[in-house]
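Trainee: I would like a close look at one strand of this model. Please describe how its side chains are placed, and then how the surrounding protein is built.

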Amino acid sequence: MSVVKTAEAVCVGHPDKLCDLIADQILDDILYEDRNARVAVEVMAVGRRIIVTGEINTRARVRVRESVRTALSNAGYKPWRFLVYVWVRHQSRDISDGVSTSLEARLGDDSAYSLQGAGDQGTVYGYACTETPERLPLPLVLAHKICRRLDEAREQGTIKGIFSDGKAQVSVRYDDTGRPQAVECVVVSVQHSELKDSDELRREITSLIVGPVCAAHLPVSDETVILVNPSGRFIEGGPKADTGLTGRKLMVDTYGGLAPHGGGAFSGKDPSKVDRSGAYMARLIAKSVVDARLADECQVSISYAIGKADPVAFSVDTLGSGQYSDEILTAAAREVFNLRPAAIIDQLGLRASGFVRYSTYGHFGDRTRRWEDTFDTRHKLEKAVKTHAAQKPAIK
């Protein structure tokens, strides 16, 4: 029995994504001067106002308004049109102390990476599948690529009269074996000038954006429904039309709603927050399982307690596609990957600035990112799995 799966993505100027961009620009500018800074900022964009609030502990000179103006310009907006309000304070000493000296360290543990505790509690998830080279669900990959090409078409002038607020949604039909068969529907909404002809815009988006993106994976047929600005005109956009807020595009940032999400956002948070660092590690583990051909699909969950270095729970779930039992894979992954926050930060190089480039088009799928590079980890995992499997029989 066939099933249709759907995912969405947004362009860089979407109000919510603009706030994520601003938050990560602030984070980057601080980390550039102080790699050990503690940053947790939230941004709201409404009308002509940008509101920044949160907690920052740093030795660097904080230049929030400069960061905001940089992000606005990079997103295609005119910074001088916006008023910026800033209300930031220091991180709570109780939180800071728990992160700086973990529960394990307070109990006398002086082993590697034991000093730093998790910056928050909660569960993070990682996911990977064989569906695409990016090891992500196809609807999400297509939606991200459409939004990226929309932004490029605006910047390069390939399509005239469009602005930076936009989004895409893609529905893909799968057969009863779980393989993608056809693109059922593509929805694209993009802000445009009052003079832009709607029929011309539809033709341009269909021929220059949707067609080329989908054709690289699945052909667009006459049966594919392509909707461009189905609400009608989209002249007023950005924060003027819709209030933006950090952390409202969690599924866009991760797996398109086609895998679990723990609820914690990424943008504006330094890596001591396991919402970000733990989720990146969970993705690396899941992708390592799939890249090692140990499963066609993998879901990883890691649960942390604030102020504690070691996670309180960890599991690998191959959703019935594993070459070995999930118990074996979980034990092997626990042996290969150090899940303490300080170890994750060190392995993935998360003290360096540069998070702003991840804030649009998803945090996963780009092989240049260290949480996507499984060259070493997949081989180590294979070896560990064989060791554990020697004691227990394989599924297949």
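Mentor: What follows takes strand 11 and its partner, then widens to the whole chain. The model is predicted, and the values below are computed from it.

Strand 11 covers residues 313-317, and its side chains alternate between two faces. Phe314 and Val316 point to one face, where both are buried. Ala313, Ser315 and Asp317 point to the other face and are not buried. The cut-off behind that division is a relative accessible area under 20%. Such alternation between the two faces of the sheet is what a regular strand shows in general.

Strand 11 runs antiparallel to strand 10, residues 297-304, and 5 bridges join the two. Ser315, one of the residues that are not buried, is the bridge partner of Ser301.

Now the wider setting. The protein has 11 helices and 11 strands. Its radius of gyration is 22 Å, close to the 21 Å that the globule rule gives for 396 residues, so the protein is as compact as a globular protein of that length. The C-alpha trace spans about 70 × 55 × 25 Å along the principal axes. Of the 396 residues, 53% count as buried, as Phe314 and Val316 do in strand 11. Among contacts with a separation of 6 or more, 74% come from residues 24 or more positions apart. The exposed surface is about 17,700 Å², with 48% supplied by carbon and sulfur atoms.

One stretch carries a record: an unreviewed UniProt entry annotates residues 116-234 as "domain: S-adenosylmethionine synthetase central". Over those residues the chain is 31% helix and 32% strand, with the end C-alpha atoms 48 Å apart.

Technical notes: Residues are numbered from 1 along each chain as its sequence is written. This is a predicted model: local features need pLDDT of at least 70, side-chain atom pairs count only at pLDDT 80 or more; totals for chains, interfaces and linings use all residues. Side-chain values use heavy atoms; hydrogens and water are left out. Buried means under 20% relative accessible area, exposed over 50%, partly exposed in between (1.4 Å probe, protein chains only). Helices (H or I, at least four residues) and strands (E, at least two) are DSSP runs, numbered from the N terminus. Two strands pair if DSSP finds at least two bridges between them. UniProt positions are given in the numbering used here, feature names are shortened, and annotations may be inferred rather than shown by experiment. The radius of gyration is taken over C-alpha atoms; the globule rule is 2.2 Å times the number of residues to the power 0.38. Contact means heavy atoms within 4.5 Å. Accessible areas come from the Shrake-Rupley method with a 1.4 Å probe; for residues, only the protein chains shown count as cover.
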